[in-house]
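Student: Could we go through this structure together and ask, for each label, what earns it?
Tutor: Gladly, let us look at it first.

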Amino acid sequence: MMQVENSGADIIVSVSGLQKSYGEHRVLRGVSLDVKRGERIVICGPSGSGKSTLIRCINGLESFEGGAVCVTDAKSGVPLVKFGDIRREVGMVFQSFNLFPHMTVLQNCMLAQVKVRGEQKEAARERAMHFLKKVRVQDQANKHPGQLSGGQQQRVAIARALCMTPSVMLFDEPTSALDPEVVQEVLETMVSLAREGMTMLCVTHEMGFAQQVADRVVFIDGGNIVEEAPPAEFFRAPKHERTRAFLSSVLGSKEQVSA
């Protein structure tokens, strides 16, 4: 991983010329993206476009062949360029929850605090309960993940990430594995975080969420950023034909996308 020189004090994530391939298949083709502290970015695009790979590269879960990623500690302004350091500052919420089934909800939220940050168990427990209450599942603390609904499990996953007090939260299709009736409860939790000023990058097809909370919508197709704009501009007057076609497909015939 290479270090990126941050061009401004408010830049907390800087991606420059990122290239990633799986064998001969090029997934990212020189993607560049800067994210300011407190900014809410929604990343959308068709399946296989590279959007999930992008955030996995930011979090150090995927290596890459070219370009650079830099995550900056919002508290100290110190650039973090080692995968281990980045993972301590970046919270990640996956499609499939990734909770440990043999541990209780509370234990899931305490584990990384104790093992990675070296917290005392009582302090870890207190922080875990604080964030479980924040996402409204504190009454499930002593249950195992298998006893919870999908929406509850995803809110626990969000709480677990928040317990590490990250500078940035990454969401990879957090509602795609959920039944339709519980999607809204997870989105409401994410909206609450956004309103509190959390820096967020969210890969999602939930366009209502994008319109409600995003500062900027980034459309990726074929491993390239095709278009990025504030939600009002992105949804009402997309500049590229590929963007218009995508929005027509995800919004349906009831929504008109301007040419």
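Tutor: What follows is a talk about labels and the values behind them.

Student: What should I know about the model before we start?
Tutor: This is a predicted model, in which local features need pLDDT of at least 70 and side-chain atom pairs count only at pLDDT 80 or more, while totals for chains, interfaces and linings use all residues. Residues are numbered from 1 along each chain as its sequence is written, and side-chain values use heavy atoms, with hydrogens and water left out.

Student: Let us begin with the sheet. What makes two strands a pair, for example E3 and E9?
Tutor: Strands pair if DSSP finds at least two bridges between them. Strand E3 (residues 40-44) and strand E9 (residues 216-221) have four bridges, in the parallel sense, so they meet that definition. One of the matches sets Val42 opposite Val217 in E9. The strands themselves are DSSP runs of E with at least two residues, whereas helices are runs of H or I with at least four, and both are numbered from the N terminus.

Student: What is the order of the strands in the open sheet?
Tutor: The six strands run E6-E7-E8-E3-E9-E10, with mixed pairing. Strand E6 (90-93) and strand E10 (224-229) are the edges: each has a single partner strand, so one side of each lacks a neighbour in the sheet. On average, neighbouring strands are turned by 20° against each other, direction ignored. For such angles, axes are lines fitted to C-alpha atoms, for helices over the stretch in contact, and angles run from 0 to 180 degrees between N-to-C directions.

Student: Which strand does E6 pair with, and are its faces covered or open?
Tutor: E6 runs parallel to strand E7 (residues 168-172), joined by four bridges, and Val90 stands opposite Val168 in E7. Both faces of E6 are covered, with Val90 and Met92 buried on one side and Gly91 and Val93 buried on the other.

Student: Why is Leu201 called buried?
Tutor: Buried means under 20% relative accessible area, exposed means over 50%, and partly exposed is in between (1.4 Å probe, protein chains only). Leu201 has 0%, so it is buried. This residue lies in strand E8, and its C-alpha is 7.0 Å from that of Ile43, although the two are 158 residues apart in sequence.

Student: How do you know that Phe234 and Phe235 form an edge-to-face pair?
Tutor: Rings of Phe, Tyr and Trp (its six-membered ring) pair if their centres lie within 6.5 Å; planes under 30 degrees apart are stacked, over 60 edge-to-face, and the rest tilted. Here the centres are 5.3 Å apart and the planes make 80°, so both tests are passed. The whole structure holds two aromatic pairs. Phe234 is buried at 0%, and Phe235 is buried at 8%.

Student: What makes Glu196 and Lys134 a salt bridge?
Tutor: The term needs a side-chain nitrogen of Lys or Arg within 4 Å of a carboxyl oxygen of Asp or Glu. In this pair the closest N and O atoms are 2.8 Å apart, so the label fits. Glu196 is in the loop between helix H6 (180-195) and strand E8 (199-203) and Lys134 is in helix H4 (residues 121-134), so the pair ties together parts 62 residues apart in sequence. Glu196 at 49% and Lys134 at 31% are partly exposed.

Student: Are Arg155 and Glu185 buried or exposed?
Tutor: Both are buried. Their side chains meet in a salt bridge of 2.8 Å, N to O, which links helix H5 (residues 150-162) to helix H6 across 30 residues.

Student: How many salt bridges are there?
Tutor: There are 13. Another of them joins Lys239 to Glu233 at 2.3 Å; Lys239 is exposed at 56%, and Glu233 is partly exposed at 32%. Shared partners also join Lys20, Arg56 and Glu62 into one network.

Student: Why is the link between Glu62 and Tyr22 called a polar contact?
Tutor: A polar contact is a pair of N or O atoms within 3.5 Å; within protein, one must be able to donate a hydrogen and the other to accept it, and residues adjacent in sequence count only if both atoms are side-chain atoms. The two side chains make theirs at 3.2 Å, so the distance is inside the limit. Glu62 sits in the loop between helix H1 (51-58) and strand E4 (66-72), and its 16% makes it buried.
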